[in-house]
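Grab a viewer and work through a few short exercises. Try each one yourself before reading the solution.

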Amino acid sequence: MPWETIRKRPDDKATAVLTDYDQARAAFTWSGARADLDGLPDGGLNIAYEAADRHVAHGRGDRIALRWLAKDGTSRKFRYCDLAEHSSRFASLLRSLGIGKGERVFSLLGRQPDLYVAALGTLKSGCVFSPLFSAFGPEPIRTRLSLGDGRVLVTSEALYRRKIEPWRHELPGLKHVLLVDGGAGPDDGVLDLRRALPAASPDFACAKTAPDDMALLHFTSGTTGRPKGAVHVHEAVVAHHVTARCALDLRPGDVFWCTADPGWVTGTSYGIIAPLTIGATLLVDEAEFDAERWYGILQRERVTIWYTAPTAIRMLLKVGADVARRYDLSSVRFMASVGEPLNPEAVVWAQETFGRPFHDNWWQTETGGIMIANYASADVKPGSMGRPIPGVEAAIVERTADGRVHPVEEPMTAGELALQPGWPSMFRGYLGEEERYRRCFADGWYLSGDLAMRDTDGYFWFVGRADDVIKSAGHLIGPFEVESALMEHPAVAEAGVIGIPDPIAGEVVKAFVALKPGWTPSEALRKELLGHGRAQLGPAVAPKAIDFRASLPRTRSGKIMRRLLKARELGLPEGDLSTLERDER
Ligand code: ATP
Ligand code: MG
């Protein structure tokens, strides 16, 4: 690999929760990890209890659980005892509305305090929580509520009037809409949460949920096609707790900032549950990305652990290191990234700019929590996703026509990334899609649909999604490698790479490139980038064509939608676009 490993200094090791990777893996058991949580009597387990009430029971109720920064510059604080109380009121309210165990409560909210109360209250009541992205249009909201059989929806008045009221009568199963900012009209089943919550009882005995009871319903990002509804159970909290400690280096008292939108799995697993089970302070910023605002927050709020996504990091890179250097970011101890491949360029840029790298980690909606990570205590290989967490066996495999799955032993050979089922946050089904769920498993493996390689040190390297991989003149080309090579050119802010049909090679590589500020598209630059690609990658792998774009189409969770670039290039149907963020053809 062209990038040098970032060696950790001994003092970095001294501060990390997971100090010796091999030893931690050897000593680890999931039942041992479960014993770190309280559990409920009779072997029960409830996510909300572990996240909020447990701290109160152990005399930690006065610690700050949530610090909320509003768009307007004001802020609010919630102690663990406040979260426990408010979520109990929410659970009481659900019960008084006749909503019973296993019924689905959806949220359609931005980063509002009510969202956190609703999530914990729903889980505490034994109901199932399903967050939706607040920028969804009416149709994606309706299909998800319908598929998930939503009984209750927590949202704001504006979102309700605009996106739901017009078709509400078509979903009679949706019994109650709770508006966080009032505005309840004369219509049936619309309640003002500001009035209902204080009137509901703060005394609520946590529902006796079993570890295998359904807790969360998360829709995937829809990067490769129609989004799937992944079912998760209360036991997932064990994995959230473990990964918070070992992969994010989280400890009690940390100020943790997860920038993911609450409408996606990261926004719940790590934006709510994991840091609260640890007893950290969760920092929540209501506003959207803005480089100066973000650096200001890191500095002012003394953030210690920061979990973000490649798309945000690329935007910070675009703005430049000079801006970053104006802020004191010395409080930040650990920075991690998830959601898309993190180009080595970005890891090294962070090391140079902040004095510490971004630690890439890999997981999916289906896995419910982090599976592969670069650790605080271990050397970071820029461009690699890291190594499996304790308790998870991962391998590179190939499938044969007879349905068998064989591990690929040869290092740095591309194959499908597979995991041995058995970790607690493993999804238990795609709602209403039994066959699609079954197809994820073969020969005792869960098959992720991502292609990767493993090196001799056991680090995993992302190649591309199985659907995105390009086959050109007998070569298998992963888009990530080509995109990362293009990003090493100073003009390139981001790149999306696809394969287009070619009569001789089968497919050839085409790249779509967005430029950094100060650069303009030109024939000369196109030629230069093509030459740069050939020099970096060799003629077999380098792009044969490059188009300039103002920006690339991405999902609302920040992932480049290569399938859309391809459909448009080839004049094919565009497919499910419910999660497309913006359209900049
Ligand atoms: P859909 O399954 O609907 O197509 P999606 O796979 O994008 O959408 P998510 O579950 O949100 O939905 O994303 C998980 C996927 O994101 C992974 O399978 C992988 O392709 C990508 N991903 C996540 N983390 C990383 C990472 N660190 N490096 C590379 N890819 C990553
Ligand atoms: Mg997926």
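The exercises below deal with a ligand site and a pair of domains in a predicted model.

**Exercise 1.** Work out which residues come nearest to ligand 1, and pick out polar contacts with ligand 1.

*Solution.* Start with the surroundings: ligand 1 has 21 residues around it, and T220, G222, T223, T224 and T365 come nearest. Next, look for N or O pairs within 3.5 Å. T223 puts a polar side-chain atom 2.4 Å from an oxygen atom of ligand 1. K559 also reaches an oxygen atom of ligand 1 with a polar side-chain atom, this time at 2.9 Å. For P341 it's the backbone: one of its polar atoms there is 3.5 Å from a nitrogen atom of ligand 1. Finally, check the cover: on its own ligand 1 exposes 630 Å², and the protein buries 96% of that.

**Exercise 2.** Sort the shell around ligand 1 by residue class and find which element gives the largest share.

*Solution.* Go by class to begin with: the shell has six nonpolar, nine polar and six charged residues. Now go by element: strand 14 (358–362) and strand 22 (460–465) are the ones that give two or more residues. Strand 14 takes the largest share, with three residues.

**Exercise 3.** Split the chain into its domains and describe how domain 1 and domain 2 meet.

*Solution.* Set the bounds: domain 1 covers 10–454 and domain 2 covers 468–582. Their C-alpha centres are 30 Å apart. Then list who takes part: 26 residues of domain 1 and 24 residues of domain 2 are in the contact. For the area, the two domains bury about 2200 Å² between them, with 60% of it on carbon and sulfur atoms. Within domain 1, T223, R314 and K318 supply 24% of the area buried against domain 2, more than any other three residues. So T223 turns up twice, since its side chain also contacts ligand 1.

Methods
Residues are numbered from 1 along each chain as its sequence is written. Chains are lettered from A and ligands numbered from 1 in the order in which they are written. This is a predicted model: local features need pLDDT of at least 70, side-chain atom pairs count only at pLDDT 80 or more; totals for chains, interfaces and linings use all residues. Side-chain values use heavy atoms; hydrogens and water are left out. A residue is near a molecule or strand if one of its heavy atoms lies within 4 Å of it. A polar contact is a pair of N or O atoms within 3.5 Å; within protein, one must be able to donate a hydrogen and the other to accept it, and residues adjacent in sequence count only if both atoms are side-chain atoms. Accessible areas come from the Shrake-Rupley method with a 1.4 Å probe; for residues, only the protein chains shown count as cover. Helices (H or I, at least four residues) and strands (E, at least two) are DSSP runs, numbered from the N terminus. Ala, Val, Leu, Ile, Met, Phe, Trp, Tyr, Cys and Pro count as nonpolar, Asp, Glu, Lys and Arg as charged, and the others, Gly among them, as polar. Domain bounds come from an automatic or database domain assignment. Contact means heavy atoms within 4.5 Å. Buried area is the accessible area (1.4 Å probe) that two parts lose on being put together, summed over both.
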